[in-house]
Amino acid sequence: MKHLINLYTAGLELTLACPCNCETCGSNAGKKRENELTVDEWKLIVRELSKLGCKRIGLLGGEPLLYKEWATVAVESAAVGMAVEIITSGIGIDRTLAKTIYDVGVNSVTVSIDGTEEIHDKQRRIPHGYQQAINAVRYLDEAGLKVGINTQVNQ
């Protein structure tokens, strides 16, 4: 089937819920939307993106791991042949959650770390956020996931 567009990757902003209150948040995240999509709506979107030839899905937010059904969206994406990435603050990721992320078929996780501990915690406006992000990288790596770091450069 020939597609009118050549779609390779798509980012799904599952929720605006987020434990951080970043100075530079482009999504104005914090509280979840009143009318966030249901898991069935996300699954339909995943299937439609697959029909368009999409090969890679990024789950993001806010904090995508705060979307109650993030794992179902990841499983659906993998089931239709897409590579699945999660982009996260790392807040709340422990060894158990890291293993779950691996077990549902996620290919890679990108953790946001914005410089030194002092700069990161000031930018993210969450105490000990830097240490939680560093720990998340360690736990995700131990679970066998490909782990990347996302950062920003600003004043």
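**Pockets, cores and two contrasting residues**

Let me begin with the second largest pocket, which holds about 180 Å³ of space, and I should say straight away that what we are looking at is a predicted model. That second largest pocket is lined by Glu-23, Asp-114, Gly-115, Ile-119, Lys-122, Gln-123, Gln-152, Val-153, Asn-154 and Gln-155, and by residue class its lining divides into 2 nonpolar, 5 polar and 3 charged.

The largest pocket, for its part, contains about 470 Å³ of space. It has 24 lining residues, of which Cys-22, Cys-25, Gly-61, Ser-112 and Arg-124 lie closest to the pocket's centre. The elements that contribute two or more residues to this lining are β2, spanning 56–61, β3, spanning 83–88, and α4, spanning 117–124. In terms of class, the lining of the largest pocket consists of 7 nonpolar, 14 polar and 3 charged residues.

Now to the nonpolar interior. The largest nonpolar core comprises 32 residues, and those touching the most other members are Leu-12, Leu-59, Val-73, Ile-101, Val-106 and Leu-140. Two or more residues come from each of β1, α1 (39–51), β2, α2, β3, α3 (95–103), β4 (108–112) and α5 (129–142), with α5 giving the most, namely 5 residues. Taking Leu-12 as an example, and setting aside its neighbours within four places in sequence, we find it in contact with Trp-42, Ile-45, Val-46, Leu-49, Ile-57, Gly-58, Leu-59, Leu-60 and Val-73. Apart from the largest core there is another, of 7 residues, including Cys-18, Cys-20, Cys-22 and Ile-91. As background, nonpolar side chains in soluble globular proteins tend to be buried together.

Let me finish with two individual residues. Is Thr-15 buried or exposed? Thr-15, which belongs to strand β1, residues 9–15, counts as buried because its relative accessibility is 1%, where the cut-off for buried is under 20%. Its side chain makes a polar contact of 2.7 Å with the side chain of Glu-36. Not counting residues up to four places away in sequence, Thr-15 touches Lys-32, Arg-33, Glu-36, Leu-60, Gly-61, Gly-62, Glu-63, Pro-64, Leu-66 and Tyr-67.

Lys-68, by contrast, sits in the loop between β2 and α2, the latter spanning 70–79, and since its relative accessibility is 77%, Lys-68 counts as exposed. How far apart in space are Lys-68 and Gln-132? From C-alpha to C-alpha they are 21 Å apart, with their positions 64 residues apart in sequence as the separation.

Key: Residues numbered from 1 in each chain as written. Predicted model: local features only at pLDDT ≥ 70, side-chain atom pairs only at ≥ 80, totals over all residues. Heavy atoms only, no water. Helix = DSSP H or I, 4+ residues; strand = E, 2+ residues; numbered from the N terminus. Buried < 20%, exposed > 50% of the residue type's maximum accessible area, 1.4 Å probe, protein only. Polar contact = N/O pair within 3.5 Å; in protein donor to acceptor, adjacent residues only side chain to side chain. Contact = heavy atoms within 4.5 Å. 1 Å grid on protein atoms, 1.4 Å probe; cavity = no way out; pocket = protein on both sides within 12 Å on 5 of 7 lines; lining within 4 Å. Points joined across faces, edges and corners; volume = space filled by probe spheres on them. Nonpolar A, V, L, I, M, F, W, Y, C, P; charged D, E, K, R; others polar. Core = buried A, V, L, I, M, F, W, Y, C linked by side-chain atoms within 4.5 Å.
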